[in-house]
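Let's take a walk through this fold, going from helices to salt bridges to a few odd backbone spots. Have the viewer open and follow along.

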Amino acid sequence: ISYKYKTRNEFTLKDCNIKINRGETIGIIGTTGSGKSTLSDILMGLLSTSKGNFLIDGRLINKEFSNYYLSEWRKCIAHVPQQVYLKNESILSNILEVNSQENENSNERLERVLDVSNVRTFLPSLENGIQTYVGDSGIRLSGGQKQRIGIAKALNRGKPILFLDEGTSSLDALTEKEILKNIKKNYPKTTIIMITHNTKNLSYCDRVFEVKNGSTKELFKPFSKK
């Protein structure tokens with residue numbers, strides 16, 4: 001695939017070719033401006049390719065020609081961005097997204113995501129625990145706490161595909177390592193796309209792609225599992 005923004009003369013992505021298998025954890029790395037965010041947006045169905053095809057199970061995902069498949073694809077994705085947006089509601093309401101329909105497994109699922117995301121560890125320090133209101137855009141919380149809530153929210157959606165777009169960048173190294181390990185252990189069938197600057201996170205990836213000068217290259221260098 002290739003992609004060019006209308007405001008630019010040159011292609012941001014040029015002749016990129018990636019195949020991702022279901023259940024894999026894929027790392028995407030690259031310097032600022034290399035095109036990794038553009039690639040991520042295409043994979044999430046937020047941008048359509050300028051040239052080439054984006055296929056899911058052999059079906060074309062394209063804004064102009066396959067709106068049904070594009071809509072179905074987006075429903076499969078949970079996304080944790082670097083800057084997590086939170087409503088001025090309680091931590092619990094943000095994780096449950098307020099309007100989500102409860103079912104018989106909701107309590108079990110909630111307990112699980114609180115553990116996996118490490119949210120439970122900071123709740124005792126808050127006056128009202130999980131019922132604490134976070135303030136506008138989560139102003140009452142630290143960056144690391146907001147990211148952990150964002151991860152819990154994404155996992156609680158129960159989607160088969162998880163995008164972590166620098167979604168752990170505000171966490172200390174030990175917490176980041178523990179959460180990534182928890183996700184891999186508790187959600188082994190989830191396909192994870194991890195956009196990161198931290199090469200230590202690549203040890204959790206099955207394969208790693210580097211985006212450089214608009215092109216993608218699979219890195220065959222083995223990464224430590226320690």
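What follows is a tour of helix packing, charged pairs and some loop residues.

Keep in mind that this is a predicted model, and that everything below was computed from its atoms.

Start with α1, the helix covering residues 36-43. Of its 8 residues, 6 are buried, so the rest of the structure largely encloses this helix. The buried residues are K36, T38, L39, S40, I42 and L43. Buried here means a relative accessible area under 20%. An α-helix has 3.6 residues a turn, so residues three or four places apart point the same way. Just past the end of α1 you run into G45, which has a positive phi of about 80°.

Next, look at α4 (residues 106-116), which packs against two other helices. How do two packed helices get described? By the angle between their axes and the distance between those axes. For α4 and α5 (residues 143-156), the axes come within 9 Å and cross at roughly 145°. That crossing is right-handed. On the α4 side the contact involves R109, L110, V113 and V116, and on the α5 side they meet A152, L155 and N156. Sorted by class, the residues of this contact are 5 nonpolar, 1 polar and 1 charged.

Now swing around to α6, the helix of residues 173-186. Its axis and that of α4 also come within 9 Å, crossing at roughly 140°. Here R112, D115 and V116 of α4 meet I179, N182, I183 and N186 of α6. The class split for this contact is 3 nonpolar, 2 polar and 2 charged. Notice that V116 turns up in the contact with α5 and again in the contact with α6.

While you're at α5, zoom in on Q147, which sits in that helix. Is Q147 buried or exposed? Its relative accessible area is 1%, so Q147 counts as buried. A polar atom of the Q147 side chain lies 3.1 Å from the backbone oxygen of Q82. Leaving aside neighbours within four places in sequence, Q147 is in contact with P81, Q82 and V84, and also with E166, G167, T168, S169, S170 and L171.

On to the charges. Side chains of opposite charge can pair when their charged atoms come close. How many salt bridges does a search of the whole structure find? The answer is 7. Take R120, which takes part in two of the pairs described here: with E111, where the closest N and O atoms are 2.8 Å apart, and with D115, at 2.6 Å from N to O. These three residues are partly exposed, with relative accessibilities of 32% for R120, 40% for E111 and 43% for D115. D115 is also one of the α4 residues that meet α6.

Another pair is K184 with D206, whose closest N and O atoms are 3.9 Å apart. This one links distant parts of the chain: K184 belongs to α6, while D206 is in the loop between β6 (191-195) and β7 (207-212), and 22 residues separate them. Both partners are partly exposed, K184 at 28% and D206 at 46%. Elsewhere, salt bridges with shared partners join E24, R207 and E218 into one network.

Stay with the loop between β6 and β7 for a moment, as T199 lies there too. T199 is partly exposed, with a relative accessible area of 49%. Which residue should you check against T199? Try G27: the two are 172 residues apart in sequence, yet their C-alpha atoms are 9.2 Å apart in space.

Finish with two backbone oddities. S137 has a phi near 55°, a positive value in a residue other than glycine. You'll find S137 in the loop between α4 and α5, where S137 is partly exposed at 41% relative accessibility. N213 also has a positive phi, about 55°, although N213 is not a glycine either. N213 lies in the loop between β7 and β8 (215-219). With 62% relative accessibility, N213 counts as exposed.

Definitions and conventions. Residues are numbered from 1 along each chain as its sequence is written. This is a predicted model: local features need pLDDT of at least 70, side-chain atom pairs count only at pLDDT 80 or more; totals for chains, interfaces and linings use all residues. Side-chain values use heavy atoms; hydrogens and water are left out. Buried means under 20% relative accessible area, exposed over 50%, partly exposed in between (1.4 Å probe, protein chains only). Helices (H or I, at least four residues) and strands (E, at least two) are DSSP runs, numbered from the N terminus. A salt bridge is a side-chain nitrogen of Lys or Arg within 4 Å of a carboxyl oxygen of Asp or Glu. Axes are lines fitted to C-alpha atoms, for helices over the stretch in contact, and angles run from 0 to 180 degrees between N-to-C directions. A crossing is left-handed if the near helix is turned anticlockwise from the far one by less than a right angle, and right-handed if clockwise. Contact means heavy atoms within 4.5 Å. Ala, Val, Leu, Ile, Met, Phe, Trp, Tyr, Cys and Pro count as nonpolar, Asp, Glu, Lys and Arg as charged, and the others, Gly among them, as polar. A polar contact is a pair of N or O atoms within 3.5 Å; within protein, one must be able to donate a hydrogen and the other to accept it, and residues adjacent in sequence count only if both atoms are side-chain atoms.
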